[in-house]
Amino acid sequence: MTGTTGAALGAPAERREGRQKVTGAARYAAEYAPPGRVHAWPVPAAVARGRVTGVDTSAALALPGVLAVLTPSDAAGLAAPEDGTLAVLRTPDVPHRGWCVALAVAETPETARAAARAVRVDYAAKPHDAGPAEGHPDAYEPEDVVGQPGRVEYGDPEAAYAAAEVRLDVTYRVPPLHNHPMEPHATTAHWDGDRLTVYTSTQGGTTVRSVLAGMFRLPEERVTVVAEHVGGGFGSKGTPRPDVVLAALAARHTGRPVTLAYPRRYLPTVAGHRAPTVQRLRLGAHPDGRLTALLHEVTTQTSRVNEFVEHAAVVSRVMYATPSLLSTHRVVPLDVPTPSWMRAPGEAPGMYALESAVDELADALGTDPVELRVLNEPRTEPAGGKPFSSRHVVECLREGARRFGWAGRDPRPGIRREGPLLLGTGVAAATYPVQVAPSTATAEARPDGTFVVRINAADIGTGARTVLAQIAADALGVPLDRVRTEVGHSDLPPAPLAGGSSGTASWGWAVHEACARLAAHPEEGPTVRADTTGKADADSPYARHAFGAHFAEVAVDTVTGEIRVRRLLGVYAAGRILNARTARSQFTGAMIMGLGMALTEHSTLDPAFGDFPEADLAAYHVPVQADVPDIEADWIDEHDSHLNPMGSKGIGEIGIVGTAAAIGNAVHHATGIRFRELPLTPDRILAAPPYQG
Amino acid sequence: MNGFGYLRPGSVEEAVEAYAAHPGARYLAGGTNLVDLLKLGVERPGTLIDIGRLPLGTVQELSDGSLRVGATVRNSDLAADPRVRDRYPTLSQALLSGASAQLRNAATTGGNLLQRTRCPYFQDLDKPCNKRVPGSGCGARDGVHRDHAVLGHSEQCIATNPSDMAVALAALDARVELYGPDGTRRLAVADFHRLPGEHPERDTWIRPGELVTGVLLPAATAGVPSAYRKARDRASYAFALASVAVVLRVTDGIVDQVGVAFGGLAHRPWRARHTELALLGAPATPAAFEGAVALELTHAEPLRDNAYKVPLARNLALDVLNRLAPAPATA
């Protein structure tokens, strides 16, 4: 039912707000300054677990320019939120270090900061348990992970593994990782009588509105949420964070508009993070490489505030044909900050482990890792048995191999030297599920022949405005410059979040429907409203996933243990690519994030204090320009009529999935050593026996 | 906000007088570290004495062939100075390996020498740190200390000095010029920073009120082959896991001048005196280098999670020594 055939879709249309952004005209949440606007600064809990027994605000309130200090119980009158991370200032309990225990409000950010520091908080600290999760007695198997069972098992995998002629039993570790978008979590809130307006940095303004309405006991129409530009989120702004609740609370408390821009240092404990995972992979195979057993067991952790499970084992239900499978999770609640979504939650760490293990199996069998994957290609989805709506991972691997120059690769590890450098290449497959949610949208025909598309979508830097205009233009059968898009405001038709690589598919479906109807039935105009409820969320008889393949070349310095990526290639099969320019940017951006996951990024949960010492961008090592090599991202033409009217799959996350494994596999090819814990920093490399000297 | 006085003295003498009149003041130059510490609340001076406009911003060649680097010469300018690039390449390389281009454009020579450790426990007011609050304890010793010291640390403190520049200066026998209430004095850069011992709150031997006015690069190391190498977690904008500066002159196969200093290993740039002593007068061979470097690193006392620094430092030093040593003449 691919219904769009015009010229706009697929074209490399320029980002519509690009000029505003590079000239500084684009306004972000903290840059809105309603008259009388003041600033808030949080006081983070200084204990890992316990109870606030007293808050002395006298010194803070004595500072000139300080309006108020909010303390535990100031939010007690709000309705309890479903998301425990938003239950700030409701009780004196401290569930983890960094939890907001007070909020200073002052005329300037500097005064608010000084006031926050002058607040004296007394605690009754309790013993805390910050892990590690591995081997923890409180580990349990969650019933549900992202709408799927926590455990999937078929075909007696233990017995099949025990009987396998070739067996591999390996454990991979991924540390805590932080999203660290450029724009911190920030909100400017103001009240006009009993009407609340928030300018906030979010991936989903519709949810922000309903959460605020619920907590502040307001009808939704009295809450306005504006998120015109969002400086990145990578999942950490997928649901409301404490900034929006605290800003609204402080604004009501002081009667002044309040901006709360979370300081960078406080983000690691309040904005969420990718929970660490310990992943045991057992692969049983015939000598020819066909799998007979696949067991993927994940141990991870969550906080005592929310159950969040990094669902890393789910990928093993999708990737390879196997007559027996165990895919399961165990999670431990600890006195630690609450983990949450980070770009490709589950898939990114899961495919790091699975694709590394597959590489190990190829190595053990003496089989080419591309061919081993091709050999184990399933005909239907392994865990569910559904046919795939489209699956072109083999084509991605073949095309990537061709472009990368994989043919003729000498598989022997540790033999390519360039002075002190060891060189190697690696490959890994990628997968990410197709997700789509119901949305509404309107299309209006204007008397001057132009059209306006309205939808409360979030442009988090992906180019949502641009691609929605392209969808609209083709559905309307008009040139792109006749369509204007309005997004990022809760007065617009409600729409789901920019997350799970679902935004464009969900919003685009509604936009397409509204525009197609307006084009076919102008008499219904000038404004047509579409609602895809019942369509977008209908069960599909197909297993729907995007796929891809990553190829990497690395150089490992045997003097320093430093690893540099020399080439990175991603080839994707993600349905129809709707904007070649912004899609490529999302692919390469995610590949860079995968490079960071492989080589540079990590947070360390300090068990003594229960938080992360890496609290700024000097200590949390996001890759810099000099780390990023020649990166190429491309895609194969994939036609899939079982998706949405555009024929598109999501593209925001698949680029990170498998990138770390491709790099890790290249490091093995270079060195002959399997490093099974990320990131591959010099300390890890030099700890290997050959480099101990 | 926290109020503080701000003074802009017209001369070095005025600056030092201003300090004497305002106990607890801090000199401010590029501010790349001090301003961060003010924001964090680690530093809370009553007065900032801005020395950024004092006439300390030039590199002068002295009659004895040495270079005098003013305290407010920017790191980027010093790295690019043709005389520095030509005569003291290790210094230029060290400067360029530090921080980011934007920071190097702002940071000064004196400020670089006086920058504080980046130990995360030092930066977090909610955690114990003997350097920030003497007697409060050390969060890093049993905590996250992969980046911390393996040489010369104490029960009280395992922090490292983060400077790259100071490592090169130490190897080059550079001296710090200080002006204070008692006049001018000079200290070897290698002896300028302290080991933490019982008083980790004191980073250097600077006396209260003394102002770094410059750094002297001696004629004796001018033009001697030298190099700097640094290992880090990412390709740019990261502090050294370990680094080394080497100054090496070999005549007829024999080492007749050598300076070796390590960065990222200790509370100060670590001048490798044992290595130097062993090498001076010895043949410049890989085996000699290996033995001499081992003599220094045998003193290392790694912590639970930073033992990798020892082989890393060894590899760096051997790499640079072997690179600087002229290839033996072939028969």
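Which side chains of strand 23 of chain A point to one face and are buried, and which point to the other and are not? In this predicted model, V528(A) and A530(A) belong to the buried face, while T527(A), R529(A) and D531(A) point to the other face and are not buried.

Strand 23 of chain A is part of an open sheet of four strands, taken in the order 22-21-20-23, with mixed pairing. The edges are strand 22 (483-486) and strand 23 (527-531) of chain A, each of which pairs on one side only. Neighbouring strands are turned against each other by 20° on average, with direction ignored. Strands of a sheet pair through backbone hydrogen bonds, and the pairing can be parallel or antiparallel. Both kinds are present here. Strand 21 (residues 451-454) and strand 22 of chain A run parallel and are joined by four bridges; V453(A) has T485(A), in strand 22 of chain A, as its bridge partner. Strand 20 and strand 23 of chain A run antiparallel, with five bridges between them. The buried V528(A) is the bridge partner of A443(A).

Two helices can be placed relative to this sheet. Helix 11 (residues 464-476) of chain A packs on the sheet and touches strand 20 (440-445), strand 21 and strand 22 of chain A. The direction of helix 11 of chain A makes about 135° with that of strand 22 of chain A. Helix 12 (residues 503-520) of chain A lies across strand 20, strand 21 and strand 23 of chain A, and runs at about 35° to strand 20 of chain A.

The domain assignment divides chain A into domain 1 (18-26 + 437-531), domain 2 (32-127 + 182-232 + 237-270) and domain 3 (144-176 + 274-434 + 541-691). The C-alpha centres of domain 2 and domain 3 of chain A lie 37 Å apart. Between these domains, 14 residues of domain 2 of chain A are in contact with 17 residues of domain 3 of chain A. On the domain 2 side, the touching residues comprise three nonpolar, six polar and five charged.

Another open sheet of chain A has three strands in the order 4-2-6, with antiparallel pairing. Strand 4 (93-94) and strand 6 (120-125) of chain A each have a single partner strand, so one side of each lacks a neighbour in the sheet. Strand 2 (residues 50-56) and strand 6 of chain A are joined by six bridges, and R51(A) has A124(A) of strand 6 as its bridge partner.

Helix 5 (residues 205-215) of chain A has the buried residues G205(A), T206(A), V208(A), R209(A), V211(A), L212(A) and M215(A). An α-helix has 3.6 residues a turn, so residues three or four places apart point the same way. The buried residues of helix 5 of chain A pack against strand 12 (195-200), strand 13 (223-226) and helix 6 (242-254) of chain A. After helix 5 of chain A comes R217(A), with a positive phi near 55°.

Next comes a pair of helices. Helix 8 (residues 347-365) and helix 14 (residues 659-671) of chain A pack at about 35°, and their axes are 8 Å apart. Their crossing is right-handed. Helix 8 of chain A contributes M351(A), Y352(A), E355(A), S356(A) and D359(A) to the contact, and helix 14 of chain A contributes A660(A), A661(A), G664(A), N665(A) and H668(A). By class, this contact has four nonpolar, four polar and two charged residues.

Helix 14 of chain A also holds A666(A). Why does A666(A) count as buried? A666(A) has 30 other C-beta atoms within 10 Å, and a residue counts as buried at 20 or more. Neighbours within four places in sequence aside, A666(A) is in contact with G424(A), T425(A), G426(A), A552(A), E553(A) and V554(A). The C-alpha atoms of A666(A) and V554(A) are separated by 6.1 Å, although the two residues are 112 residues apart along the chain.

The last part concerns chain B. Its domain assignment gives domain 1 (5-52) and domain 2 (226-324), with C-alpha centres 36 Å apart. The contact between the chains takes 27 residues from chain B and 33 residues from chain A. Helix 13 (residues 309-324) of chain B supplies six residues, the largest share of the chain B side. By class, that side has twelve nonpolar, six polar and nine charged residues.

Methods. Residues numbered from 1 in each chain as written. Chains lettered and ligands numbered in written order. Predicted model: local features only at pLDDT ≥ 70, side-chain atom pairs only at ≥ 80, totals over all residues. Pairing = 2+ DSSP bridges. Contact = placed C-beta atoms within 7 Å. Nonpolar A, V, L, I, M, F, W, Y, C, P; charged D, E, K, R; others polar. Domains from an automatic or database assignment. Axes fitted to C-alpha atoms, helices over the stretch in contact; angles between N-to-C directions. Left-handed = near helix turned anticlockwise from the far one by under 90°. Buried ≥ 20, exposed ≤ 12 C-beta atoms within 10 Å, placed from the backbone.
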